[in-house]
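This report introduces selected local features of the structure shown below. It is written for a reader who has not met the structure before.

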Amino acid sequence: MRAIQGARPLADRDRVAPARKPAAVPARAPRPCAFSITHSGDQISGRAAGVSAETVRALSSTREPVATLDLHGRRAAEVAAAVTRFVAGAGSERTVRIVVGRGLHSAGGPVLGAAVTEALTRAPLARRVLAFCSAPPRLGGDGAVLVLLRKS
């Protein structure tokens, strides 16, 4: 009590407002592109927003790939970079094939197909990809993915 003897209360004008923490600025995540992805057994198909299911059916039945990327023997961590380089190098080609294998010799089972799907539906490739689907048996079946690219 002796220590505060003679102290007077502060007037409102003498009060100091507590320091405010600056508002956290959220990190800018790449803008996701909306894709509709369908799994049916080992088959997969995906299409960008605004692309019809008929386009995906036409891709799997009538389109012939012009270029092929074979990912056999690659690790999942290498897939995104390889697929990005491949699509960038496709130039004006519209239909390409990516061979992922079926994962029969992988200890953990098939992983490359999921890594390819992830790469195709994320920036920067998502802006270039219209649709993708498992290839028909004559082009590799479940071990390959056909990709329809936007016109460049």
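## F86 in helix 2

F86 lies in helix 2, which covers residues 76-89. The model is a predicted one, and in it the relative accessible area of F86 is 14%. Because this value falls under the 20% limit, F86 is classed as buried.

Which residues surround F86, once its neighbours within four places in sequence are left aside? The contacts of F86 are A67, T68, L69, V96, R97 and I98. For L69, a distance can be added: its C-alpha atom and that of F86 are 7.0 Å apart, although 17 residues separate the two along the chain.

## T121 in helix 3

T121 belongs to helix 3, made up of residues 112-121. Is T121 buried or exposed? With a relative accessible area of 10%, T121 is buried, since the limit for that class is under 20%.

The side chain of T121 also has a polar partner in the backbone: it reaches the backbone oxygen of T117 at 2.9 Å.

## The hairpin of strands 1 and 2

Strand 1 (residues 35-40) pairs with strand 2 (residues 43-48) in the antiparallel sense, and the pairing extends over 6 bridges. Within this arrangement, F35 stands opposite A48 of strand 2.

The two strands, strand 1 and strand 2, form a hairpin with 2 residues between them. In the turn, G41 has a positive phi of about 65°.

Key:
Residues numbered from 1 in each chain as written. Predicted model: local features only at pLDDT ≥ 70, side-chain atom pairs only at ≥ 80, totals over all residues. Heavy atoms only, no water. Helix = DSSP H or I, 4+ residues; strand = E, 2+ residues; numbered from the N terminus. Buried < 20%, exposed > 50% of the residue type's maximum accessible area, 1.4 Å probe, protein only. Contact = heavy atoms within 4.5 Å. Polar contact = N/O pair within 3.5 Å; in protein donor to acceptor, adjacent residues only side chain to side chain. Pairing = 2+ DSSP bridges.
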